[in-house]
Amino acid sequence: MITFPTSRNRRATTLTEVMISVPIAAAFGILTVTVLAVSGFIFRDITDESHFRKDASWVMINLERDLRSSESAMIAADYTATPTATTYNGNCIYIVNRTNPAGEQNRAYYFYQDNAWQRGRIYRDLDTSTPPDPDDDEELTRNATAFELRRNPTGAGAEYRIAIRGDAKTQRIMGNASAQGNRLIISTTIRPRRN
């Protein structure tokens, strides 16, 4: 007859083993939850940054196309100010197109930030016969911190330097945060069509 060993020889878990294994399992669980939470925040910020870069690139493509096909352009300090030939820096640009012989500004791009908003937005005004109005104009991008336009005042066919700024997100991990103030910048230099 063949006999098999029984489980009577199995020993019980000791209190010492339990006291060691429970904190190890708890530490592993806390570490897992922390890694998952931080990964979620980082993924969200990467997604937000990607959306911002896509929208800002779309603004640049449209603005560059309009400006390159234009007769001239004028900068205003902001969308409430009147553009002048002597304004070289601002956050609003009026574009004069050759197809408009009366010389009216038929496109405007500008930055607007409401007091209730954390960041600003860039708008395009397709009908500049009336002043720009964020309630009526086309919103092109959100989460911008600045829309900078600079014109080189020297030489014929002056160049325009355009930059769109947005926040580079920083994460607070275990109570520590990296330095604030990092900015994403998308910029280009455009020269209107020469006569």
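**Exercise 1. Which residues do ring pairs link into a cluster?**

Solution. The model is predicted.

Step 1. Search the whole structure for aromatic pairs: there are 5.

Step 2. Test Tyr-112 against Trp-117. Their ring centres are 5.5 Å apart and the planes meet at 85°, so this pair is edge-to-face. The cut-off for that class is over 60 degrees.

Step 3. Test Tyr-112 against Tyr-123. Here the centres lie 6.3 Å apart with planes at 65°, so this pair is edge-to-face.

Step 4. Join the links. The cluster holds Tyr-79, Tyr-110, Tyr-112, Trp-117 and Tyr-123.

**Exercise 2. Place the pair Tyr-112 and Tyr-123 in the chain, then judge the cover of Tyr-123 and Trp-117.**

Solution.

Step 1. Assign the elements. Tyr-112 belongs to strand β4 (residues 105–112) and Tyr-123 to strand β5 (residues 120–125), so the pair ties together parts 11 residues apart in sequence.

Step 2. Check Tyr-123. Its relative accessible area is 4%. Buried means under 20%, so Tyr-123 is buried.

Step 3. Check Trp-117. Its relative accessible area is 25%, so Trp-117 is partly exposed.

Step 4. Look at the face of the Trp-117 ring. Arg-121 lies over that face, at 3.8 Å from the ring centre.

**Exercise 3. Describe the cover and the pairing of strand β3.**

Solution.

Step 1. Count the buried residues. Strand β3 spans residues 92–97, and 6 of its 6 residues are buried.

Step 2. Split the strand by side. Cys-92, Tyr-94 and Val-96 sit on one side. Ile-93, Ile-95 and Asn-97 sit on the other. Both faces are covered.

Step 3. Find a partner. Strand β1 (residues 70–76) is joined to β3 by 6 bridges, and the two run antiparallel.

Step 4. Fix the register. Ala-76 stands opposite Cys-92 of β3.

**Exercise 4. What is the nonpolar surface patch made of, and is Met-19 buried or exposed?**

Solution.

Step 1. List the members. Leu-15, Val-18, Met-19 and Val-22 make a nonpolar surface patch of about 400 Å².

Step 2. Locate Met-19. This residue lies in helix α1, residues 15–68.

Step 3. Apply the cut-off. Exposed means over 50%. Met-19 has a relative accessible area of 55%, so Met-19 is exposed.

**Exercise 5. Summarise the protein chain.**

Solution.

Step 1. Count elements: 1 helix and 10 strands.

Step 2. Order them from the N terminus: α-β-β-β-β-β-β-β-β-β-β.

Step 3. Report the cover. Of the 195 residues in the protein chain, 31% are buried.

Definitions and conventions. Residues numbered from 1 in each chain as written. Predicted model: local features only at pLDDT ≥ 70, side-chain atom pairs only at ≥ 80, totals over all residues. Heavy atoms only, no water. Patch = residues over 30% accessible without salt bridge, like charges linked within 9 Å, V, L, I, M, F, W, Y side chains within 5 Å. Areas by Shrake-Rupley, 256 points an atom, 1.4 Å probe, with all protein chains shown as cover. Salt bridge = Lys/Arg side-chain N within 4 Å of Asp/Glu carboxyl O. Helix = DSSP H or I, 4+ residues; strand = E, 2+ residues; numbered from the N terminus. Buried < 20%, exposed > 50% of the residue type's maximum accessible area, 1.4 Å probe, protein only. Pairing = 2+ DSSP bridges. Phe/Tyr/Trp six-rings, centres within 6.5 Å; stacked < 30°, edge-to-face > 60°. Lys NZ or Arg CZ within 6 Å of the ring centre and 35° of its normal.
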